[in-house]
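The following report describes a single protein model for a reader who has not met it before. Please consult the sequence and the structure shown here while reading.

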Amino acid sequence: MRKKTIASFLCIALSVTTLLGCTSGNSVTKGNEYVDENSSITVSSVEASSSDSADEASTEASIATEESSAASEATSSEDSASTDTSSDSDDLVVVYLGDSQMDNGREDNSDIPSYVQQILGGTHYNLGVGGTVATNIAGNDNSQDANLFGFLSIFEGRYTVDECLSTDYAAYDIVQNVNLQDVDVFVLAYGINDFLAKMPRAYDYDNSNYATYRGGLTYGIDKLRMLCPNAAIIVCSPTYCYFYDVVGIVNSDGNMADLGYGPLAEYASTCEQVAEEKGCTYLDTYYGTRFDLSIYTFDKYTTDGIHLNNTGRQIYATVLARYIKLTLGTAQGSWEYPLTIDNFEFDPDIDI
C-alpha cells in the first residue's frame with residue numbers, strides 16, 4: 001500500500017458564506033492527518049427565484065512531495081477496471097462507490113472514474129450504480145442490495161455478489177476483481193437519491209442511525225477503515241441540482257425544494273460535516289467552490305438539471321483527480337478555483 005507524506009504546506013484562510021451558513025471546505029487527509037489546499041472564497045446566498053452564484057475563487061497552495069520507499073502493485077482484469085500501464089502511477093488503486101453520477105458514461109468510457117484514470121493512470125474500479133443511496137432505511141447494518149450497505153456486505157464477506165447485485169449491473173463483474181488490500185483510495189459519492197427518496201437526512205438525537213443519510217455515510221466510512229486501515233477516503237457531496245419536475249418538485253433547486261428532511265443543500269452540508277468529523281477528504285461539488293456549477297450554469301453541466309453531461313463529468317473528474325493527488329501527497333503546484341465550464345477543455349496530460 002502506497003504511503004505518502006507531506007513535506008510542507010501553506011495554509012490560507014477559507015471563508016465561505018452561503019444561505020445555510022455552511023462552509024464548503026477543501027481539507028484533504030490521509031488517515032487523520034490534514035493537508036489543506038485552502039482558498040479565499042465567497043459564495044453568494046442562493047435564492048431559487050433570484051440568484052445563485054459563486055464568486056471568483058482564488059487558491060494558492062504549495063505542496064511538496066516525497067517519493068515513497070514502497071509501492072503496491074495493482075492487478076485487475078482488463079474488462080473489470082480502467083487500467084493504464086504506461087503511467088508512473090501504475091500502482092495506484094482507486095475504488096468508487098456512488099450513484100448515477102459515477103455510473104453514467106461507462107458504456108463509452110466517458111464515466112468520471114475513466115476520466116480520472118486517463119489523468120492519473122493506475123487501476124480504477126467503478127462500483128457506481130444508478131439510483132442507489134448511502135442510507136439503510138431498515139436501520140441496521142444488514143443489506144442485500146446495490147446500495148452502499150450492500151457493497152460493504154460484499155466486502156465483509158457477509159453476502160455474496162449474487163445475493164446483492166443483479167448481473168445487469170456493470171459493478172457485478174467489477175467488484176469481484178477488487179482486492180481490498182491493494183486499495184489506496186475509496187471515493188464515496190452519494191446524496192441525491194437519498195434526498196429524492198425522502199431518506200431522513202439526520203436525527204438530532206442519534207447521529208449514527210443507519211436509517212439516515214448521516215448515519216449511513218458514517219457507518220460506511222467506519223467500515224471501510226476497519227477493512228482497509230491504510231486506504232484514504234474521499235467523500236464527495238451531492239452535486240447542485242435544478243429540478244424541472246421531479247417527485248413533485250417543479251422549477252425549484254436544491255437550495256429551496258424540501259421533501260421533508262431539508263433541501264439538498266442541507267444533505268451536502270451533512271456530507272461535509274461527516275467527512276470532517278471522520279477525518280476524510282471532502283470534495284465540494286455543490287456550492288461551486290471547485291467548479292462553477294450553479295443556477296446560472298446547470299444547463300451547461302447537466303442533461304436534465306441533475307445528471308452531469310460529458311463535459312460536466314470531465315470537469316468533475318479533473319478536480320477529483322487533483323484531490324486524489326492531494327490526499328496522497330503527490331500534488332504539484334497550486335490551482336485557482338473554481339474551474340469554469342466556459343473556459344474548460346479536458347486535458348488528460350494536465351499538470352495535476
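Cys-236 is buried, at 0% relative accessibility; in this report, buried means under 20% relative accessible area, exposed over 50%, and partly exposed in between (1.4 Å probe, protein chains only). The closest cysteine sulfur to that of Cys-236 belongs to Cys-271, and because the distance is 7.7 Å, the two are too far apart for a bond. Cys-271 is likewise in no disulfide, and Cys-271 is buried at a relative accessible area of 0%. The structure as a whole holds zero disulfides, a disulfide being a pair of cysteine sulfur atoms within 2.5 Å.

This is a predicted model, in which local features need pLDDT of at least 70 and side-chain atom pairs count only at pLDDT 80 or more, while totals for chains, interfaces and linings use all residues. Residues are numbered from 1 along each chain as its sequence is written, and side-chain values use heavy atoms, with hydrogens and water left out.

## Overall architecture

The protein contains 10 helices and 12 strands; helices (H or I, at least four residues) and strands (E, at least two) are DSSP runs, numbered from the N terminus. Of its 352 residues, 60% are buried. Among contacts with a separation of 6 or more, 72% are between residues 24 or more positions apart, where a contact means heavy atoms within 4.5 Å. The protein exposes about 13500 Å², of which carbon and sulfur atoms supply 42%; accessible areas come from the Shrake-Rupley method with a 1.4 Å probe, and for residues only the protein chains shown count as cover.

## The nonpolar core and its rings

The largest nonpolar core has 100 residues. Such a core is a set of buried Ala, Val, Leu, Ile, Met, Phe, Trp, Tyr and Cys residues joined through side-chain atoms within 4.5 Å. Helix α10 (residues 310-328) gives the largest share of this core, 10 residues. The residues with the most contacts inside the core include Leu-97, Phe-155, Phe-186 and Ile-324.

Phe-186 is buried at 0% relative accessibility. Not counting residues up to four places away in sequence, Phe-186 touches ten residues named here in part, among them Val-95, Leu-97, Leu-180, Cys-228 and Ile-234.

A search of the whole structure finds 16 aromatic pairs. Rings of Phe, Tyr and Trp (its six-membered ring) pair if their centres lie within 6.5 Å; planes under 30 degrees apart count as stacked, over 60 as edge-to-face and the rest as tilted. The rings of Phe-155 and Phe-186 form a tilted pair, with centres 6.4 Å apart and planes at 50°. Phe-155 lies in helix α3 and Phe-186 in strand β8 (residues 185-189), so this pair ties together parts that are 31 residues apart in sequence. Tyr-242 and Tyr-244 form an edge-to-face pair, 5.5 Å centre to centre and with 70° between the planes. Tyr-242 is buried at 13%, whereas Tyr-244 is partly exposed at 42%. Ring pairs also link Phe-195, Tyr-213, Phe-243 and Tyr-267 into a cluster.

## Salt bridges

The structure holds eight salt bridges, each being a side-chain nitrogen of Lys or Arg within 4 Å of a carboxyl oxygen of Asp or Glu. Three of them are listed below.

| Acidic residue | Basic residue | Closest N and O atoms |
|---|---|---|
| Asp-103 | Arg-106 | 2.7 Å |
| Asp-141 | Arg-158 | 3.4 Å |
| Glu-156 | Lys-223 | 2.9 Å |

Glu-156 lies in helix α3 and Lys-223 in helix α7 (residues 213-227), so their bridge ties together parts that are 67 residues apart in sequence. Glu-156 is partly exposed at 29%, and Lys-223 is buried at 10%. Asp-141, Glu-156, Arg-158 and Lys-223 are linked in a network of salt bridges. Within this network, Asp-141 is partly exposed at 26% and Arg-158 is partly exposed at 33%. Arg-106, in contrast, is buried at 18%.

## Helix α2 and the segment after α10

Helix α2 (residues 112-120) is largely enclosed by the rest of the structure because eight of its nine residues are buried. The buried residues include Ile-112, Tyr-115, Val-116 and Leu-120. Gly-121 follows α2 and has a positive phi, near 75°.

Glu-345 lies in the segment after α10 and is exposed, with a relative accessible area of 70%. Glu-345 and Gln-314 are 31 residues apart in sequence, and their C-alpha atoms are 8.5 Å apart in space.
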